[in-house]
Amino acid sequence: MIGQWQCTVCGYIYEPDYGDPDNGIPAGTLFENLPEDWVCPECGAEKDQFEPYVEEEY
C-alpha cells in the first residue's frame with residue numbers, strides 16, 4: 001500500500017486506505033491530511049513520532 005506511516009514508538013501502521021474510523025478519520029485520508037491533533041490510536045504518540053513505512057522485501 002502507498003502512503004503508510006509507522007509510529008516509531010509502538011510500531012502501529014497508519015493505512016490511508018482504512019483511515020482511523022474509531023477516531024473519526026474516514027478511509028482515504030492521507031497521513032498529511034490528518035488533523036494536527038491526531039495521535040496514534042495505539043499509544044497516543046503525536047504525528048511527529050511517525051515516519052514513512054516501507055515494507056522490506058526479502
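Q: Hi! Leaving aside its neighbours within four places in sequence, which residues is Ala 45 in contact with?
A: Hello! This is a predicted model, and in it Ala 45 is in contact with Cys 7, Val 9, Val 39, Cys 40 and Phe 50, once neighbours within four places in sequence are left aside.

Q: And where does Ala 45 lie?
A: Ala 45 is in the loop that runs between β2 (13-14) and β3 (50-52).

Q: Is Ala 45 buried or exposed?
A: Ala 45 is buried, since its relative accessible area is 10%, and the limit for calling a residue buried is under 20%.

Q: Which residues make up the largest nonpolar core?
A: That core has 11 residues, and Ala 45 is one of them. The others are Trp 5, Cys 7, Tyr 12, Tyr 14, Ile 25, Phe 31, Leu 34, Trp 38, Cys 40 and Phe 50. In soluble globular proteins, nonpolar side chains tend to be buried together.

Q: Let's look at Tyr 14 from that core. What does Tyr 14 touch, not counting residues up to four places away in sequence?
A: Quite a list! Among the residues Tyr 14 touches are Trp 5, Ile 25, Phe 31, Leu 34, Trp 38 and Phe 50. The list also includes Gly 3, Gln 4, Gly 19 and Asp 20.

Q: New topic: how many disulfides does the structure hold?
A: The structure holds 0 disulfides. Cys 10 is in no disulfide, and its nearest cysteine sulfur belongs to Cys 40, 3.7 Å away. For Cys 43, also in no disulfide, the nearest cysteine sulfur is that of Cys 7, 3.7 Å away.

Q: Why do those distances not count?
A: Because a disulfide needs the two cysteine sulfur atoms to be within 2.5 Å.

Q: How accessible is Cys 10? And Cys 43?
A: Cys 10 counts as partly exposed, at 38% relative accessibility. Cys 43 is partly exposed too, with a relative accessible area of 37%.

Q: Now the sheet. What is the order of its strands?
A: It is an open sheet of 3 strands in the order β2-β1-β3, with antiparallel pairing. β2 and β3 stand at the edges with a single partner strand each, so each has one side without a neighbour in the sheet.

Q: How many bridges join β1 to β3?
A: Strand β1 (residues 5-7) is joined to β3 by 3 bridges, and the two run antiparallel. Within that pairing, Trp 5 stands opposite Pro 52 in β3.

Q: Switching again: how many salt bridges does the count come to?
A: The count comes to 1 salt bridge. The side chains of Glu 36 and Lys 47 meet there, at 3.7 Å from N to O. Both residues lie in the loop between β2 and β3, so the pair ties together parts that are 11 residues apart in sequence.

Q: Is Glu 36 buried or exposed? What about Lys 47?
A: Glu 36 is exposed, with a relative accessible area of 70%, whereas Lys 47 is buried at 12%.

Q: What else does Lys 47 touch, not counting residues up to four places away in sequence?
A: Besides Glu 36, Lys 47 touches Phe 31, Glu 32, Leu 34, Pro 35 and Trp 38. A polar atom of the Lys 47 side chain also lies 3.4 Å from the backbone oxygen of Phe 31.

Key. Residues are numbered from 1 along each chain as its sequence is written. This is a predicted model: local features need pLDDT of at least 70, side-chain atom pairs count only at pLDDT 80 or more; totals for chains, interfaces and linings use all residues. Side-chain values use heavy atoms; hydrogens and water are left out. Helices (H or I, at least four residues) and strands (E, at least two) are DSSP runs, numbered from the N terminus. Buried means under 20% relative accessible area, exposed over 50%, partly exposed in between (1.4 Å probe, protein chains only). Contact means heavy atoms within 4.5 Å. A nonpolar core is a set of buried Ala, Val, Leu, Ile, Met, Phe, Trp, Tyr and Cys residues joined through side-chain atoms within 4.5 Å. A polar contact is a pair of N or O atoms within 3.5 Å; within protein, one must be able to donate a hydrogen and the other to accept it, and residues adjacent in sequence count only if both atoms are side-chain atoms. Two strands pair if DSSP finds at least two bridges between them. A salt bridge is a side-chain nitrogen of Lys or Arg within 4 Å of a carboxyl oxygen of Asp or Glu.
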